[in-house]
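Colleague: I have a few questions about this protein before I go back to the bench. Could you pull it up and walk me through it?

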Amino acid sequence: LDLTAYKPLQMRRRITSFVLREARGDAEAFIKALGVDSNLLAATRDMLTINVTDFFRDPAQWQLLERQVLPSLLTARKGLKVWSAGCSRGQEAVSLAIALDRAGVLPASRILATDFDREVLAKARAGGPYRADEMRGMPPADRARYFEQTPEGYRVDRRLMSSIRFAELNLLRDRFDREFDLIVCRNVMIYFENEVKSGLIRRFREALRPDGLLFIGATEALIGSDLEGLQRVGGNFYRRLPEGRRIAA
């Protein structure tokens, strides 16, 4: 894992805290343990790739998505092209599929879900299983409608999964697809250095169609030059301005 683009102080705090918990702060003992303990190695990778996610994380923002954003996007379209960037274990992509199903446009829509961590992506691609504590945020009615309870945990309904394409992708290195109606990248950019973050925002803007929307995390905000070609439309949503309006702005 290349952590060059990550904020060093933030990563140092995470690593120091983790080593303190796992090896009482003894870095040498911790590194030796990594060579023989596959569970510790997996936990360390999970810590470094910061796979923190929930279904419908920050409910108020999802309500805004369903009540205002999706209806505005669907005024001229019967289906949407959506990207969940940094999808982790899949909860965000599944939440998007449910929101599109509620809007009645899931069969005509396409959802791309990407992450560069192969292990979490494997769970996302398999539709679980999700433990009971991983189901927090999922309304009981939706849990009954879209999930099957198995001895291993909850698995996403096949119909829902068929609408999502999962793929491995490194946001800082790989090429992006284009003409997305909605790009969802939440609580990912806060860990990057400002220069890297600005470059990523520019690439997201270019990957959106005119009037397409970027949906970021509740603790994130676009300011200064990062707003070039984008307009905040409420909550954590930013619209790509058409070329003429962008120049005027």
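Colleague: Let's start with Glu 66: is it buried, exposed or partly exposed?

Modeller: This is a predicted model, so please read everything I say in that light. Glu 66 is partly exposed, with a relative accessible area of 23%.

Colleague: And which residue does Glu 66 form a salt bridge with?

Modeller: Its salt-bridge partner is Arg 102, and the closest N and O atoms of the two are 2.5 Å apart. Because Glu 66 sits in helix α4 (residues 59–73) and Arg 102 in helix α5, the pair ties together parts that are 36 residues apart in sequence. Arg 102 is also partly exposed, at a relative accessible area of 38%.

Colleague: What about Asp 101, which side chain does it meet in a salt bridge?

Modeller: Asp 101 meets the side chain of Arg 145, at 3.5 Å from N to O. This pair also links distant parts of the chain, since Asp 101 belongs to helix α5 and Arg 145 to helix α7 (residues 140–146), 44 residues apart. The two ends differ in accessibility: Asp 101 counts as buried at 13%, whereas Arg 145 counts as exposed at 55%.

Colleague: Which residues are joined into one network by salt bridges that share partners?

Modeller: Lys 123, Arg 131, Asp 133 and Glu 134 are joined in that way. Over the whole model the count comes to 17 salt bridges, and one of them is between the side chains of Arg 21 and Glu 22, at 3.6 Å from N to O. In that pair Arg 21 is exposed, with a relative accessible area of 56%, while Glu 22 counts as partly exposed at 40%.

Colleague: Switching to cysteines, how many disulfides does a search of the whole structure find?

Modeller: The search finds zero disulfides.

Colleague: Why is there no bond from the sulfur of Cys 87 to the closest cysteine sulfur?

Modeller: The closest cysteine sulfur to that of Cys 87 belongs to Cys 185, and at 11 Å it is too far for a bond; a disulfide would need the two sulfur atoms within 2.5 Å. Both residues are buried, Cys 87 with a relative accessible area of 1% and Cys 185 with 0%.

Colleague: Now the interior: how many residues are in the largest nonpolar core, and which have the most contacts inside it?

Modeller: The largest nonpolar core has 41 residues, and those with the most contacts inside it are Leu 65, Phe 147, Phe 166 and Leu 182. Helix α5 (residues 91–102) gives the largest share of this core, with seven residues. Apart from it lies another core, of 23 residues, which includes Leu 112, Cys 185, Met 189 and Tyr 238.

Colleague: What does Leu 182 touch, leaving out residues up to four places away in sequence?

Modeller: On that basis Leu 182 touches a set of residues that includes Leu 65, Leu 73, Val 82, Trp 83, Leu 96, Leu 208 and Phe 215. Val 82 also stands opposite Leu 182 in strand β6.

Colleague: How many residues of β6 are buried?

Modeller: Strand β6 (residues 180–184) is mostly covered, with five of its five residues buried. Strand β1 (residues 81–85) runs parallel to β6 and is joined to it by three bridges. Strand β7 (residues 208–215) also pairs with β6 in the parallel sense, over four bridges, and there Val 184 stands opposite Phe 215.

Colleague: Which helix does the chain pass through from β6 to β7?

Modeller: The chain crosses through helix α9 (residues 194–207), and this β-α-β crossover is right-handed.

Colleague: Last topic, where is Leu 169?

Modeller: Leu 169 is in the loop between β5 (164–168) and β6, and it is buried, with a relative accessible area of 13%. Leaving aside its neighbours within four places in sequence, Leu 169 is in contact with several residues, among them Trp 83, Thr 114, Phe 116, Arg 175 and Phe 176. The C-alpha atoms of Leu 169 and Asp 117 are 8.6 Å apart in space, although the two residues are 52 residues apart in sequence.

Colleague: And how far apart are the C-alpha atoms of Pro 59 and Gly 137?

Modeller: They are separated by 7.9 Å, with their positions 78 residues apart along the chain as the spacing. Pro 59 has its place in helix α4, where it counts as exposed at 55% relative accessibility.

Technical notes: Residues numbered from 1 in each chain as written. Predicted model: local features only at pLDDT ≥ 70, side-chain atom pairs only at ≥ 80, totals over all residues. Heavy atoms only, no water. Core = buried A, V, L, I, M, F, W, Y, C linked by side-chain atoms within 4.5 Å. Buried < 20%, exposed > 50% of the residue type's maximum accessible area, 1.4 Å probe, protein only. Helix = DSSP H or I, 4+ residues; strand = E, 2+ residues; numbered from the N terminus. Contact = heavy atoms within 4.5 Å. Salt bridge = Lys/Arg side-chain N within 4 Å of Asp/Glu carboxyl O. Pairing = 2+ DSSP bridges. Right-handed = clockwise from strand over helix to strand, strands pointing away.
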